[in-house]
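Here's a quick walk through this model, going from one helix out to the whole assembly. Have the viewer open while you read.

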Number of protein chains: 2
Amino acid sequence: MNFKILKNCSSSSARVTEFDLPHGKISTPVFMPVGTNGSVKAVKHKTLSNSGVNLILGNTYHLYLRPGAEIIKKAGGLHKFISWDHNILTDSGGFQIFSLAPFRKIKKEGIYFRSHIDGSYHTLTPENVVDLQKTFRSDVLMPLDVCTPPEITWKKAYSAMKTTHDWALKSRDHWLGCRDEWGGNLFGIVQGNFFKDLRKESAEYISSLDFPGIAIGGLSVGESFDVFQEHLSETASVIDKNKPHYLMGIGTPEYILEAVENGIDMFDCVYPTRIARNGTLFTWNGKISIKKEIFADDFNPVEKKCRCFTCTNYSRAFLRHLFKTNEILGPMLATEHNLYFIKEFVDKIKESILTDTFNDFKKTFSGDYENKHS
Amino acid sequence: MNFKILKNCSSSSARVTEFDLPHGKISTPVFMPVGTNGSVKAVKHKTLSNSGVNLILGNTYHLYLRPGAEIIKKAGGLHKFISWDHNILTDSGGFQIFSLAPFRKIKKEGIYFRSHIDGSYHTLTPENVVDLQKTFRSDVLMPLDVCTPPEITWKKAYSAMKTTHDWALKSRDHWLGCRDEWGGNLFGIVQGNFFKDLRKESAEYISSLDFPGIAIGGLSVGESFDVFQEHLSETASVIDKNKPHYLMGIGTPEYILEAVENGIDMFDCVYPTRIARNGTLFTWNGKISIKKEIFADDFNPVEKKCRCFTCTNYSRAFLRHLFKTNEILGPMLATEHNLYFIKEFVDKIKESILTDTFNDFKKTFSGDYENKHS
């Protein structure tokens with residue numbers, strides 16, 4: 001992947017890196033908008049690429065169930081199916097099976113589960129998950145892993161981690177046998193629940209398997225910010241520094257700052273797009289809930305300093321009106337703004353690392369952002 | 001308005017005209033997309049203007065209830081509120097009161113009704129309806145009228161028509177007293193239900209009031225195509241030829257062709273956008289319902305000959321997938337296609353009138369369109 005660290009922050013683990021993927025160079029830190037079913041909800045791909053986004057995420061679990069691998073194969077891969085010329089990272093489906101499927105059973109060879117859509121029976125294995133993502137022609141693939149909730153016993157966490165490691169090895173070997181067919185990169189996933197010894201063991205083991213990149217899983221699943229911080233910091237300090245670091249499921253400004261400070265390069269979350277559809281919008285002075293009465297005659301843009309389509313064309317009053325009347329344009333404009341905001345936010349972080357002013361940026365941003373105006 | 005007839009069809013009443021409105025020249029025949037609450041559903045205004053649309057419709061009833069005249073006034077008018085630099089025609093609210101309000105009472109001075117949103121009490125009069133549209137800075141205003149359903153008695157239809165005429169006069173006089181404040185144009189509305197004598201009387205009376213344009217109301221309200229055709233033809237033959245003719249609530253290709261053939265210049269309907277949100281798309285070979293199984297692996301665009309964003313970027317298979325997974329992008333792409341299709345369709349009609357081949361065009365189009373492929 002030709003991974004390069006362009007700059008290390010002098011006072012934290014924050015860094016600017018770049019690497020090549022089949023559909024173009026990635027510059028980090030990078031936020032990946034989530035396109036669950038192959039569509040980043042309520043926004044056109046062209047809008048994303050025009051704002052500089054060149055890496056989105058797709059969910060293997062959802063795409064496997066609908067439209068199914070056969071259709072995507074016939075289309076010539078996921079990029080062609082969804083008309084996206086840039087990079088796609090697909091997850092393994094593990095997380096969705098654990099959060100959505102009404103039934104699941106983990107066996108040595110894989111996970112047996114029922115679809116949350118029609119109750120049909122399916123099996124995902126380390127090998128067929130790699131094959132699915134090969135069919136998708138994913139630029140970054142993730143291996144099947146066992147996701148566990150907080151507050152389970154050490155023994156259960158250990159067992160889940162061991163299975164995750166076993167599958168990581170199987171996934172890697174299967175991927176090594178076919179990667180030349182399209183050039184996708186399989187990342188390893190660190191698990192270990194909230195046990196320090198397990199997280200350390202997992203971070204070391206996954207690092208030893210020499211994946212092109214390393215992902216940290218199992219965080220930001222309901223634990224407190226302090227607990228998140230502690231485990232992130234310890235895990236991130238163990239994984240191989242000469243590879244891209246991907247923290248799964250992170251998407252609020254506060255968590256992104258924390259991730260970057262700990263040397264994370266990539267992150268994804270439905271958060272910015274999901275809150276947008278509910279009328280919550282980012283500003284540099286904190287989030288605002290646009291449905292509030294206070295915005296009924298506020299003819300300012302959502303964020304005066306923002307140059308997105310929404311802020312350069314529309315007022316808070318109009319946005320509020322769209323949400324109050326359930327117009328689809330409301331979620332459309334809110335989503336476009338929130339993704340633009342997060343892109344700009346991450347670009348500013350990058351700039352601050354390059355000029356070695358990351359700590360100042362973090363301090364200033366957090367001060368303004370917490371000083372919410374509504 | 002500087003109304004000019006550029007071309008009359010030699011074998012029908014079809015014609016190409018143009019006239020000036022405050023926000024730019026209108027070339028007819030023209031289809032006006034409907035933006036009920038100030039937003040043409042699921043599409044950005046920029047997308048519309050980029051495809052050549054320069055006249056949209058807004059609903060006075062809806063805008064009066066939400067966000068209310070006060071907000072629109074504070075915004076500096078409807079154009080500024082919704083960020084649309086081109087023309088806006090607003091209806092009078094009459095039709096919506098009759099189709100949506102849970103309670104209404106017609107008196108000499110206006111209509112008393114309750115809101116379908118919160119049950120609150122309101123009154124619209126010929127005068128305040130003009131004032132509302134003055135607040136909106138509408139380029140074309142419509143006067144309050146009494147809308148009646150099919151199959152009422154002659155006596156009831158006569159009474160409704162008389163009230164409509166009374167209000168037309170009051171509206172006109174009120175408008176004459178204030179039109180110079182912003183330059184909006186009040187059109188008259190012909191009613192008369194489905195009684196030939198009443199329709200004729202109404203057409204003659206409304207023509208006599210010298211409005212800048214004349215609208216035909218009360219058609220396409222559930223009657224058969226033959227009945228629609230008959231009444232349209234008779235009414236259209238009576239109204240003043242040297243003014244723009246607007247047929248309210250027309251939006252299928254078949255009805256548009258019939259309207260144009262009878263000398264209608266302008267029409268509006270939610271039909272193209274409403275069916276789009278339900279997954280029904282126009283093609284030159286008839287409509288298709290994109291959710292059907294048959295399109296699951298159909299990697300052709302919705303319409304091969306179409307140059308819209310949807311057809312140049314996406315396949316039927318992907319569109320179907322979006323609708324099956326309830327992705328907002330489905331309605332967005334379908335709406336963009338349907339409006340582009342109708343725009344192109346009407347542009348082709350215009351071209352055929354200019355080259356005096358309207359009858360050929362109608363015949364060819366109808367033959368292809370009825371020869372549906374699904």
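Start with helix 13 of chain A: eight of its nine residues are buried, so this helix is largely enclosed by the rest of the structure. Keep in mind that we're looking at a predicted model. The buried set is made up of A:Arg316, A:Ala317, A:Phe318, A:Leu319, A:Arg320, A:His321, A:Leu322 and A:Phe323.

What do the buried residues of helix 13 of chain A pack against? Within chain A there's helix 14, and from chain B come helix 3 (69-75) and helix 4 (78-82). Just after helix 13 of chain A you'll find A:Asn326, which has a positive phi, near 55°.

That brings us to the contact between the chains. Chain A puts in 28 residues, and chain B puts in 28 residues. On the side of chain A that touches chain B, the elements giving two or more residues are helix 3 (69-75), helix 4 (78-82), helix 13 (316-324) and helix 14 (329-354) of chain A. Helix 13 of chain A gives the most to that side, with five residues. Sorted by class, the side of chain A that touches chain B looks like this:

| Class, side of chain A that touches chain B | Residues |
|---|---|
| Nonpolar | 16 residues |
| Polar | six residues |
| Charged | six residues |

How do the two chains relate to each other? A turn of 180° and a shift of 0.0 Å along the axis lay chain A on chain B with an RMSD of 0.0 Å. That's the relation of a two-fold axis. In chain A, the C-alpha nearest the axis belongs to A:Ile328, at 4.0 Å from it. The interface fits that picture too: 100% of the interface residues of chain A are also interface residues in chain B, so the copies meet through the same surface.

Zooming out to chain A as a whole, its secondary structure comes to 15 helices and 16 strands. Its radius of gyration is 20 Å, close to the 21 Å that the globule rule gives for 374 residues, so chain A is as compact as a globular protein of that length. The C-alpha trace of chain A spans about 60 × 50 × 40 Å along its principal axes. Of the 374 residues of chain A, 52% count as buried. As for contacts in chain A between residues at least 6 apart in sequence, 66% join residues at least 24 apart.

For a single residue, try A:Arg307. Where does A:Arg307 sit? This arginine is in the loop between strand 16 (288-289) and helix 12 (309-313) of chain A. Is A:Arg307 buried or exposed? A:Arg307 has 11 other C-beta atoms within 10 Å, and with exposed meaning 12 or fewer, that makes A:Arg307 exposed. Its C-alpha is separated by 9.0 Å from that of A:His337, 30 residues apart along the chain.

Last stop is helix 9 of chain B (residues 225-238). At 1.5 Å a residue, its 14 residues should span 20 Å, and its end C-alpha atoms are 20 Å apart, which agrees. In this helix B:Phe228, B:His231, B:Leu232, B:Thr235 and B:Ala236 are buried. They cover an arc of only 125° around the axis, which puts them on the same side of helix 9 of chain B. Those buried residues pack against several elements of chain B, among them strand 11 (185-190), helix 8 (196-208) and helix 10 (253-261).

Conventions:
Residues numbered from 1 in each chain as written. Chains lettered and ligands numbered in written order. Predicted model: local features only at pLDDT ≥ 70, side-chain atom pairs only at ≥ 80, totals over all residues. Contact = placed C-beta atoms within 7 Å. Helix = DSSP H or I, 4+ residues; strand = E, 2+ residues; numbered from the N terminus. Nonpolar A, V, L, I, M, F, W, Y, C, P; charged D, E, K, R; others polar. Rg over C-alpha atoms; globule rule 2.2 N^0.38 Å. Buried ≥ 20, exposed ≤ 12 C-beta atoms within 10 Å, placed from the backbone. Least-squares fit on C-alpha atoms with pLDDT ≥ 70 in both. Expected span 1.5 Å × (residues − 1). Arc of directions from axis to C-beta.
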